[in-house]
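Biologist: Could you take me through the charged side chains and the cysteines of this protein, one question at a time?

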Amino acid sequence: MDIDHIFSYLVPPGKGEKDLEPLRGTEIPLSGQLFEMLKDIYDKAEHDCNISIMFKSEDGTQSNEARGLILDFVSSPSGLTSEPIARRLCSYTTGRSKLGLLFLVHGCDGEKHKVMFSRFPADQGVLADIDQDSLSVQFVERVFMKNSKHYKSAVYQGLAILGSFWTGKAQDRQQSGIADYWSQEFLSSVRQTTSVDGTIILTDALREATALAKDPDIQDQLVSMALLLPSLKGKTISIRGVLEQYGIEEETSDLVISCLESSDIADEYFEVDEETLEKYLPYVRVILDNGAYLSATSQDFNEAFKKEIVNLQEGLVQYTTTGHIVRQRLVKRL
């Protein structure tokens, strides 16, 4: 996708500042060495940015302030729409990060937009200038090194409308992982995994947690949660968000999260995939101490079996079901 606009701003640390000074910015010409350097980063952004991210929101729609500013910018790229984005970065930049140079690069192919943000450190250096027969040497604090490999970057693609789903990727060459102020605060984004992978991770964790749980109450919470998962199909949420939405108790939540490869995965967002749920969490089976086995698909269990608490203190329950016999079989012991 070709570049149509590049804006740049010198962004000082401004976190905690009540009255931020006006930011100095400029539009970069679409030619020359600086343009070629930024074009190279822009063209490779989807490959080099190795962490998938998405705009965070309470309802999974990706609507938030950062995305709103970006939609304004891609809809009408200008100094008026790019400066608020630079000002937002300033408001989240701490003194530890010091002065930075932000580039906003925009391209468009039909209705699809691609926007990249890159922040380079503004280093200190010495400027040597030859004037006729003399040499002038000055100490300069705001030096942008064009060969710098240490920068933060993020790229988003999507349609410039509120309801569209945007895909994003990020990287941070100044540290391992991504600085919170860059992705979570400035871009108001969270890590994202694919719909299928995220749903598989969730179902695997639930199955493992259920197998590990010794307490019947914990098992009951996990099974109840599994039965409710189909109602989340198509919704974008994190595993921790699922646990919180269903009011899962802390001990049970900790067990589920302990079954993940890393606790960080619990905060990664994904879209719940219905087909994957049916494939990886197809059946629910309840075993009673009277020798009865109750089994049905995850989607049909609550409809097939009605559960009634007979004695809460003793944990005594009664299941009832009604239907026509379509088949009977003898099976081996489990």
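Modeller: This is a predicted model, and a good place to begin is E185, which is partly exposed, with a relative accessible area of 24%.

Biologist: Which side chain meets E185 in a salt bridge?

Modeller: E185 belongs to helix 5 (residues 180-186), while its partner sits in the loop between strand 1 (3-11) and strand 2 (25-27), so the pair ties together parts that are 170 residues apart in sequence. The partner is partly exposed, with a relative accessible area of 42%. The contact is 3.5 Å from N to O, and the side chain that meets E185 is K15.

Biologist: How many salt bridges does a search of the whole structure find?

Modeller: A salt bridge here needs a side-chain nitrogen of Lys or Arg within 4 Å of a carboxyl oxygen of Asp or Glu, and the pair of E185 and K15 at 3.5 Å is a salt bridge. Searched as a whole, the structure gives a number of salt bridges equal to 12.

Biologist: Which helix holds both R207 and D204?

Modeller: R207 and D204 form a salt bridge, with their closest N and O atoms 2.5 Å apart. R207 is partly exposed at a relative accessible area of 37%, and D204 is partly exposed at 31%. The two residues are three apart, about one turn of the helix, and both lie in helix 6 (residues 195-212).

Biologist: How far apart are the closest N and O atoms of K307 and D220?

Modeller: K307 and D220 form a salt bridge whose closest N and O atoms are 2.9 Å apart. K307 lies in strand 15 (residues 306-311) and D220 in helix 7, so the pair ties together parts that are 87 residues apart in sequence. Both ends are partly exposed, K307 with a relative accessible area of 40% and D220 with 35%. The separation asked for, between the closest N and O atoms, is 2.9 Å.

Biologist: Which helix gives the largest share of the negative patch?

Modeller: The patch of negative charge on the surface gathers D215, D217, E249, E250, E251 and D254. Among them, D217 has its place in helix 7 (residues 216-228) and is exposed, with a relative accessible area of 54%. The largest share, three residues, comes from helix 9 (residues 250-258).

Biologist: Is C259 buried or exposed?

Modeller: C259 is found in the loop between helix 9 and strand 12 (269-271), and its C-alpha atom is separated by 8.3 Å from that of D204, 55 residues away along the chain. Because buried means under 20% relative accessible area, C259, with 13%, is buried.

Technical notes
Residues are numbered from 1 along each chain as its sequence is written. This is a predicted model: local features need pLDDT of at least 70, side-chain atom pairs count only at pLDDT 80 or more; totals for chains, interfaces and linings use all residues. Side-chain values use heavy atoms; hydrogens and water are left out. Patches are made of residues with over 30% relative accessible area and no salt bridge: like charges are joined within 9 Å, nonpolar side chains (Val, Leu, Ile, Met, Phe, Trp, Tyr) within 5 Å. Accessible areas come from the Shrake-Rupley method with a 1.4 Å probe; for residues, only the protein chains shown count as cover. Lys and Arg count as positive and Asp and Glu as negative; His and the chain ends are not counted. The place of a charge is taken as NZ of Lys, CZ of Arg, CG of Asp or CD of Glu. Helices (H or I, at least four residues) and strands (E, at least two) are DSSP runs, numbered from the N terminus. Buried means under 20% relative accessible area, exposed over 50%, partly exposed in between (1.4 Å probe, protein chains only).
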